[in-house]
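Me: Please zoom in on one exposed spot on this model and tell me what's around it. After that, carry on into the interior, in one go.

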Amino acid sequence: MTPILDGPTTMSSARIRLALLALALGGFGIGSTEFVAMGLLPNIAHDLLPQVYAASPDDANAQAGWIISAYALGVVVGAPTIAAVAARWPRKKLLLWLLVAFTVGTIASAVAPTFQLVMLARFVSALPHGAYFGIASLVAASLMGPGKRGRGVAFVLSGLTIANVIGVPAITWIGQHNGWRIAYLVVAAIFALTFVAVAFLVPWQAGNAKATMRTELRAFTRLQVWLALLIGAIGFGGFFAVYTYIAPIVTTVTGLPEASVPLILIVAGLGMTVGNILGGRAADHSVRNSMLLFFAILLVALAALWLTASTVVGLVVSVFVVAGACSALSPTIQTRLMDVAHDSQSIAAALNHSALNIANASGAALGGLTIAAGLGYLSPIVVGAILAVAGILLALLSFGIDRSRERRGVDTGVVHAQRPDPIPVD
């Protein structure tokens, strides 16, 4: 990796890697806090909704899924708000404050005594989510250098995917044996560690001095920005419709014991890790081709899961591919947003996570509705497939508009972000 220069100061390759690892550790914490509820959903339902659970475990699990939706809605609200308001802040300073908010919010999630207060705590603790990933992605893209934006985004997201291989299964196991509240305290400790790592390892980088709330919010006036957001918000819902209810699918449909849930989560995490690597590299070559390819793979994998979830092999293979295809879509969609956002880069980088968490909320909610309606734990997979088809159609519409404008000699609005100024070592 080429060192980054700022006058006479040289940033070594080792220092760059350490800074990237510190940023990825934040992604590890976010992945843990976002996804650990999926594996502990029956435990949370049993503890916070005892009367509902005694009458109907299915209804209790479906209602507990709103905790996941509350977190997702917090991301949707926080990502554009924080990114727009704080675009001019020094990026390291902003990252540190976001990590403080994560730590405090996650502790509140662990100690809140009622279902309603836990929902509120999850909403509040999610507010920094999108802004962290957005700002961390911009810093990582700067560290990686020109022509590697997709890989820079993927490196930060790698913390999230690795969390699903190591963090989420391990913390799920801890939660199953020591209580779900202890699991969230472990996550809070990860955020505190990340604060220390970012403080010592990430170089200082100024915010965008020319950015204003008005220029950042201008992104919302562009059709292609809205289409990119809809692609993520709708198409990505297919994953969350399934992943939210993975624990009852494993135990009820496949018939495996509860102890096997962390193992299936590891399989999903491995798929995410592989998909994230492939998606980052593919996005640097062709956003259009990679997006359409991974949506097609997702649709096929969801169909396979619906047909074979009753078998262990079918469950394992299908979950791996579903998770991999969705993870590959994330850096692709984020790169698309950065391409079409012009000078609204901070909010564009954060908006991807608003879109994906609208998918999280809608997928979890729609899946819960079908379960509560008595359609069984396979019904969210059908919901996921419908959402994936909608994502493909939106992607085809967006790229079709680009081609139409190119034929007419009209500016497509796709502007590849340039490498920011060199980053000084603090």
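Reply: Trp97 counts as exposed, at 52% relative accessibility (exposed is over 50%, buried under 20%, partly exposed in between, with a 1.4 Å probe and protein chains only). Before going on: this is a predicted model, so local features need pLDDT of at least 70 and side-chain atom pairs pLDDT 80 or more, while totals for chains, interfaces and linings use all residues. Numbering runs from 1 along each chain as its sequence is written, and side-chain values use heavy atoms, with hydrogens and water left out.

Trp97 sits in helix α5 (helices are DSSP runs of H or I, at least four residues, numbered from the N terminus). Together with Trp89, Val100, Val104, Phe195, Val196 and Phe200, Trp97 makes a nonpolar surface patch of about 700 Å². Two elements give two or more residues each to that patch: α5 (91–111) and α9 (180–201). Patch members have over 30% relative accessible area and no salt bridge, with nonpolar side chains (Val, Leu, Ile, Met, Phe, Trp, Tyr) joined within 5 Å; a salt bridge puts a Lys or Arg side-chain nitrogen within 4 Å of an Asp or Glu carboxyl oxygen.

For contrast, take Asp402 in helix α18 (residues 379–407). Asp402 is buried, at 8% relative accessible area. Its C-alpha atom is 8.8 Å from that of Gln224, though the two are 178 residues apart along the chain.

Now the interior, which has two cavities of 30 Å³ or more (a cavity is a set of 1 Å grid points where a 1.4 Å probe fits but cannot get out, and lining residues have an atom within 4 Å of a point). The largest has a volume of about 200 Å³, volume being the space filled by probe spheres set on the points. Of its 18 lining residues, Phe35, Leu160, Phe236, Ser330 and Leu356 lie nearest the centre. Helices including α1 (13–39), α8 (149–178) and α17 (345–372) each supply at least two residues of that lining, but α16 gives the largest share, with four. By class, the lining has ten nonpolar, seven polar and one charged (Ala, Val, Leu, Ile, Met, Phe, Trp, Tyr, Cys and Pro are nonpolar, Asp, Glu, Lys and Arg charged, the others polar).

The second largest cavity holds about 60 Å³ of space. Its lining has nine nonpolar residues and no polar or charged ones, among them Phe239, Tyr243, Ile246, Leu305 and Val322. Here α16 turns up again, and along with α12 supplies at least two lining residues.

Definitions and conventions. 1 Å grid on protein atoms, 1.4 Å probe; cavity = no way out; pocket = protein on both sides within 12 Å on 5 of 7 lines; lining within 4 Å. Patch = residues over 30% accessible without salt bridge, like charges linked within 9 Å, V, L, I, M, F, W, Y side chains within 5 Å. Areas by Shrake-Rupley, 256 points an atom, 1.4 Å probe, with all protein chains shown as cover.
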